[in-house]
Amino acid sequence: MKVIGYVRVSTAKQGKSGLSIEAQESKIRKYCDLYDLELVDVIIDAGASAKSLDREGMQTALQLLKSGKVQGLVVAKLDRLTRSIKDLNVLIEGVFSKAELISVSDQVNTATANGRMGLNLLMCMFQFERESAAERTAAAMQAKKAKGEYTGGKAPLGWRVDAQGNEVPDEDEQELISIVREYRALRLSYSAIAQKLTESDFTSRTGNAKFSKSAAKRINDAETTEERASRLNLDDTRKCS
(Lines give C-alpha, C1' and ligand atoms only; values in the text may rest on other atoms or scores of the structure.)
Protein backbone atom coordinates (compact mmCIF):
# COMPACT_ATOMS: atom_id res chain seq x y z
CA MET A 1 0.00 0.00 0.00
CA LYS A 2 1.26 3.48 -0.87
CA VAL A 3 1.26 5.95 2.01
CA ILE A 4 2.31 9.51 2.71
CA GLY A 5 4.05 10.56 5.92
CA TYR A 6 3.06 13.76 7.69
CA VAL A 7 5.20 15.66 10.19
CA ARG A 8 4.35 18.85 12.12
CA VAL A 9 6.07 21.03 14.72
CA SER A 10 4.44 24.21 15.97
CA THR A 11 7.37 25.87 17.78
CA ALA A 12 11.14 26.04 17.77
CA LYS A 13 11.05 24.45 21.25
CA GLN A 14 9.33 21.36 19.87
CA GLY A 15 11.94 21.23 17.13
CA LYS A 16 14.58 20.58 19.80
CA SER A 17 12.53 18.03 21.76
CA GLY A 18 11.31 14.50 21.14
CA LEU A 19 8.70 15.97 18.80
CA SER A 20 11.37 17.20 16.39
CA ILE A 21 10.96 16.82 12.64
CA GLU A 22 13.79 14.26 12.53
CA ALA A 23 12.33 12.18 15.37
CA GLN A 24 8.85 12.08 13.81
CA GLU A 25 10.18 11.21 10.36
CA SER A 26 12.35 8.44 11.81
CA LYS A 27 9.32 6.83 13.52
CA ILE A 28 7.29 7.00 10.32
CA ARG A 29 10.03 5.45 8.16
CA LYS A 30 10.71 2.63 10.65
CA TYR A 31 6.99 1.81 10.86
CA CYS A 32 6.64 1.70 7.08
CA ASP A 33 9.70 -0.56 6.77
CA LEU A 34 8.33 -2.88 9.46
CA TYR A 35 4.90 -3.27 7.83
CA ASP A 36 6.05 -3.16 4.20
CA LEU A 37 4.28 0.09 3.39
CA GLU A 38 5.49 2.03 0.36
CA LEU A 39 6.33 5.49 1.72
CA VAL A 40 5.94 7.85 -1.24
CA ASP A 41 7.04 11.00 0.60
CA VAL A 42 7.14 12.73 3.99
CA ILE A 43 5.40 16.10 4.05
CA ILE A 44 6.48 18.62 6.68
CA ASP A 45 4.60 21.53 8.28
CA ALA A 46 7.12 23.53 10.32
CA GLY A 47 5.83 26.20 12.70
CA ALA A 48 2.18 25.23 12.14
CA SER A 49 -0.59 25.02 14.74
CA ALA A 50 -2.90 22.01 14.99
CA LYS A 51 -5.89 24.21 15.78
CA SER A 52 -6.79 24.31 12.09
CA LEU A 53 -6.38 22.11 9.02
CA ASP A 54 -5.45 25.17 7.00
CA ARG A 55 -1.77 24.25 6.69
CA GLU A 56 0.12 24.03 3.43
CA GLY A 57 1.59 20.59 4.06
CA MET A 58 -1.67 19.22 5.46
CA GLN A 59 -3.62 20.35 2.41
CA THR A 60 -1.03 18.79 0.08
CA ALA A 61 -1.29 15.47 1.93
CA LEU A 62 -5.09 15.54 1.83
CA GLN A 63 -5.09 16.19 -1.91
CA LEU A 64 -2.86 13.16 -2.48
CA LEU A 65 -5.24 11.02 -0.42
CA LYS A 66 -8.36 12.32 -2.16
CA SER A 67 -6.82 11.76 -5.60
CA GLY A 68 -6.09 8.13 -4.77
CA LYS A 69 -2.35 8.51 -5.48
CA VAL A 70 -1.73 7.21 -1.94
CA GLN A 71 -4.00 5.03 0.17
CA GLY A 72 -2.93 6.05 3.67
CA LEU A 73 -1.42 8.72 5.89
CA VAL A 74 1.12 7.91 8.61
CA VAL A 75 1.88 10.23 11.54
CA ALA A 76 4.24 9.69 14.47
CA LYS A 77 1.61 10.87 16.94
CA LEU A 78 -2.05 11.75 16.52
CA ASP A 79 -1.77 15.30 17.85
CA ARG A 80 0.65 16.05 14.99
CA LEU A 81 -2.37 15.73 12.69
CA THR A 82 -4.97 17.71 14.66
CA ARG A 83 -6.06 18.56 18.21
CA SER A 84 -9.67 19.24 17.26
CA ILE A 85 -12.41 16.60 17.47
CA LYS A 86 -14.42 18.60 14.93
CA ASP A 87 -11.56 18.57 12.40
CA LEU A 88 -10.89 14.89 13.09
CA ASN A 89 -14.51 14.01 12.32
CA VAL A 90 -14.29 16.00 9.09
CA LEU A 91 -11.20 14.01 8.12
CA ILE A 92 -12.70 10.63 9.06
CA GLU A 93 -15.92 11.26 7.12
CA GLY A 94 -14.39 13.03 4.14
CA VAL A 95 -10.97 11.43 3.69
CA PHE A 96 -10.32 8.47 5.98
CA SER A 97 -13.58 6.72 5.16
CA LYS A 98 -11.68 5.46 2.11
CA ALA A 99 -8.02 6.01 2.98
CA GLU A 100 -6.26 4.73 6.11
CA LEU A 101 -4.95 6.85 8.98
CA ILE A 102 -2.09 5.36 10.97
CA SER A 103 -0.62 6.83 14.16
CA VAL A 104 2.58 5.07 15.21
CA SER A 105 2.84 6.06 18.90
CA ASP A 106 -0.90 5.78 19.55
CA GLN A 107 -1.17 2.40 17.76
CA VAL A 108 -4.16 3.61 15.76
CA ASN A 109 -5.18 2.31 12.36
CA THR A 110 -8.57 3.33 10.93
CA ALA A 111 -8.71 0.29 8.70
CA THR A 112 -10.70 -1.44 11.47
CA ALA A 113 -13.76 -0.48 13.52
CA ASN A 114 -11.74 -0.90 16.72
CA GLY A 115 -9.09 1.41 15.32
CA ARG A 116 -11.68 4.09 14.54
CA MET A 117 -13.20 3.81 18.02
CA GLY A 118 -9.77 4.04 19.65
CA LEU A 119 -9.02 7.10 17.52
CA ASN A 120 -12.12 8.94 18.76
CA LEU A 121 -11.36 8.07 22.39
CA LEU A 122 -7.83 9.41 22.05
CA MET A 123 -9.01 12.65 20.45
CA CYS A 124 -11.52 13.19 23.29
CA MET A 125 -8.63 12.88 25.74
CA PHE A 126 -6.42 15.26 23.73
CA GLN A 127 -9.13 17.90 23.49
CA PHE A 128 -9.94 17.56 27.21
CA GLU A 129 -6.28 18.10 28.10
CA ARG A 130 -6.02 21.15 25.82
CA GLU A 131 -9.21 22.77 27.14
CA SER A 132 -8.25 22.02 30.75
CA ALA A 133 -4.87 23.67 30.24
CA ALA A 134 -6.55 26.73 28.72
CA GLU A 135 -8.94 26.96 31.69
CA ARG A 136 -6.06 26.72 34.19
CA THR A 137 -4.16 29.45 32.38
CA ALA A 138 -7.20 31.74 32.27
CA ALA A 139 -7.87 31.18 35.99
CA ALA A 140 -4.24 31.96 36.87
CA MET A 141 -4.30 35.16 34.83
CA GLN A 142 -7.58 36.21 36.43
CA ALA A 143 -6.12 35.62 39.89
CA LYS A 144 -3.07 37.75 39.07
CA LYS A 145 -5.30 40.50 37.69
CA ALA A 146 -7.44 40.47 40.82
CA LYS A 147 -4.30 40.96 42.92
CA GLY A 148 -3.26 43.91 40.80
CA GLU A 149 -0.36 42.00 39.30
CA TYR A 150 0.83 42.60 35.75
CA THR A 151 -0.58 40.04 33.32
CA GLY A 152 1.00 41.27 30.10
CA GLY A 153 0.00 43.79 27.47
CA LYS A 154 -0.73 47.45 28.22
CA ALA A 155 -1.27 48.50 31.81
CA PRO A 156 -4.77 49.88 32.49
CA LEU A 157 -5.35 53.61 32.50
CA GLY A 158 -3.90 55.19 35.63
CA TRP A 159 -1.15 52.59 35.88
CA ARG A 160 2.18 51.73 34.29
CA VAL A 161 4.62 48.81 34.34
CA ASP A 162 7.90 49.42 36.17
CA ALA A 163 11.31 47.90 35.40
CA GLN A 164 10.52 44.87 37.60
CA GLY A 165 7.35 44.12 35.64
CA ASN A 166 4.95 45.30 38.34
CA GLU A 167 1.94 47.55 37.84
CA VAL A 168 2.43 50.81 39.71
CA PRO A 169 0.38 54.04 39.76
CA ASP A 170 1.07 56.52 36.98
CA GLU A 171 1.04 59.87 38.81
CA ASP A 172 0.01 61.95 35.78
CA GLU A 173 -2.83 59.64 34.83
CA GLN A 174 -4.00 59.30 38.44
CA GLU A 175 -4.14 63.09 38.60
CA LEU A 176 -6.14 63.11 35.37
CA ILE A 177 -8.63 60.62 36.85
CA SER A 178 -9.07 62.83 39.91
CA ILE A 179 -9.71 65.93 37.78
CA VAL A 180 -12.30 64.18 35.61
CA ARG A 181 -14.11 62.90 38.69
CA GLU A 182 -14.15 66.39 40.21
CA TYR A 183 -15.76 67.66 37.02
CA ARG A 184 -18.33 64.88 37.19
CA ALA A 185 -19.07 65.78 40.79
CA LEU A 186 -19.91 69.26 39.47
CA ARG A 187 -22.38 67.56 37.08
CA LEU A 188 -20.43 68.37 33.91
CA SER A 189 -21.21 66.18 30.90
CA TYR A 190 -18.50 64.02 29.35
CA SER A 191 -18.56 66.28 26.29
CA ALA A 192 -17.90 69.35 28.46
CA ILE A 193 -15.15 67.51 30.34
CA ALA A 194 -13.52 66.43 27.07
CA GLN A 195 -13.49 70.07 25.95
CA LYS A 196 -11.85 71.19 29.20
CA LEU A 197 -9.21 68.48 28.95
CA THR A 198 -8.48 69.47 25.37
CA GLU A 199 -7.92 73.05 26.53
CA SER A 200 -5.58 71.89 29.31
CA ASP A 201 -1.94 70.74 29.20
CA PHE A 202 -2.89 67.06 29.47
CA THR A 203 -2.23 64.60 26.66
CA SER A 204 -3.25 60.97 26.16
CA ARG A 205 -0.80 58.06 26.25
CA THR A 206 -0.37 58.41 22.50
CA GLY A 207 0.45 62.10 22.84
CA ASN A 208 -2.93 63.26 21.56
CA ALA A 209 -3.95 66.59 23.14
CA LYS A 210 -7.54 66.35 21.93
CA PHE A 211 -9.91 64.38 24.15
CA SER A 212 -13.22 62.86 23.07
CA LYS A 213 -16.40 62.24 25.02
CA SER A 214 -15.66 58.48 25.17
CA ALA A 215 -12.11 59.18 26.36
CA ALA A 216 -13.42 61.32 29.21
CA LYS A 217 -15.73 58.47 30.26
CA ARG A 218 -12.89 55.91 30.16
CA ILE A 219 -10.80 58.16 32.39
CA ASN A 220 -13.68 58.54 34.85
CA ASP A 221 -14.13 54.75 34.97
CA ALA A 222 -10.43 54.02 35.51
CA GLU A 223 -9.29 52.56 38.85
CA THR A 224 -7.57 54.84 41.35
CA THR A 225 -4.90 53.70 43.78
CA GLU A 226 -7.39 53.93 46.66
CA GLU A 227 -9.97 51.86 44.81
CA ARG A 228 -7.46 49.15 43.99
CA ALA A 229 -6.23 49.00 47.57
CA SER A 230 -9.81 48.75 48.80
CA ARG A 231 -10.65 46.04 46.27
CA LEU A 232 -7.63 43.95 47.20
CA ASN A 233 -8.34 44.31 50.92
CA LEU A 234 -11.96 43.31 50.34
CA ASP A 235 -10.88 40.23 48.36
CA ASP A 236 -8.52 39.20 51.18
CA THR A 237 -11.31 39.63 53.73
CA ARG A 238 -13.65 37.45 51.70
CA LYS A 239 -11.04 34.70 51.48
CA CYS A 240 -10.70 34.63 55.26
CA SER A 241 -14.44 34.54 55.94
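In this predicted model, Arg181 is partly exposed, with a relative accessible area of 26%. Arg181 takes part in a salt bridge with Glu227, in which N and O lie 2.5 Å apart. The structure holds eight salt bridges in total, and this briefing describes several of them, together with the packing of helix α7 against helix α8.

**Salt bridge between helices α6 and α9**
- The pairing of Glu227 with Arg181 connects distant parts of the chain, since Glu227 belongs to helix α9 and Arg181 to helix α6 (residues 171-185), with their positions 46 residues apart.
- Glu227 has a relative accessibility of 34% and therefore counts as partly exposed, because the partly exposed class runs from 20% to 50%.
- Arg181, at 26%, falls into the partly exposed class as well.

**Salt bridge between strand β7 and helix α9**
- Glu167 and Arg228 form a salt bridge whose closest N and O atoms are 3.0 Å apart.
- This pair also links distant parts of the chain: Glu167 lies in strand β7 (residues 167-169) and Arg228 in helix α9 (residues 225-240), 61 residues apart.
- Both partners, Glu167 and Arg228, are buried.

**Salt-bridge network at Lys77, Asp79 and Arg80**
- A salt bridge joins Lys77 to Asp79, with 3.6 Å between the closest N and O atoms.
- Such a distance qualifies because the cut-off for a salt bridge is 4 Å.
- Lys77 is partly exposed at 26% relative accessibility, whereas Asp79 is buried, with a relative accessible area of 7%.
- Lys77, Asp79 and Arg80 are joined into one network by salt bridges that share partners.
- As a general point, side chains of opposite charge can pair when their charged atoms come close.

**Packing of helices α7 and α8**
- Helix α7 (residues 190-199) and helix α8 (residues 213-221) have axes that come within 8 Å and cross at roughly 95°.
- Helix α7 is therefore roughly perpendicular to helix α8, because angles of 65 to 115 degrees fall into that class.
- On the α7 side, the contact is made by Tyr190, Ser191, Ile193, Ala194 and Leu197.
- On the α8 side, Lys213, Ala216, Lys217, Ile219 and Asn220 make the contact.
- Sorted by class, the contact of α7 with α8 comprises six nonpolar, two polar and two charged residues.

Terms used. Residues are numbered from 1 along each chain as its sequence is written. This is a predicted model: local features need pLDDT of at least 70, side-chain atom pairs count only at pLDDT 80 or more; totals for chains, interfaces and linings use all residues. Side-chain values use heavy atoms; hydrogens and water are left out. Axes are lines fitted to C-alpha atoms, for helices over the stretch in contact, and angles run from 0 to 180 degrees between N-to-C directions. Helices (H or I, at least four residues) and strands (E, at least two) are DSSP runs, numbered from the N terminus. Angles under 35 degrees count as roughly parallel, over 145 as roughly antiparallel, 65 to 115 as roughly perpendicular and the rest as oblique. Contact means heavy atoms within 4.5 Å. Ala, Val, Leu, Ile, Met, Phe, Trp, Tyr, Cys and Pro count as nonpolar, Asp, Glu, Lys and Arg as charged, and the others, Gly among them, as polar. A salt bridge is a side-chain nitrogen of Lys or Arg within 4 Å of a carboxyl oxygen of Asp or Glu. Buried means under 20% relative accessible area, exposed over 50%, partly exposed in between (1.4 Å probe, protein chains only).
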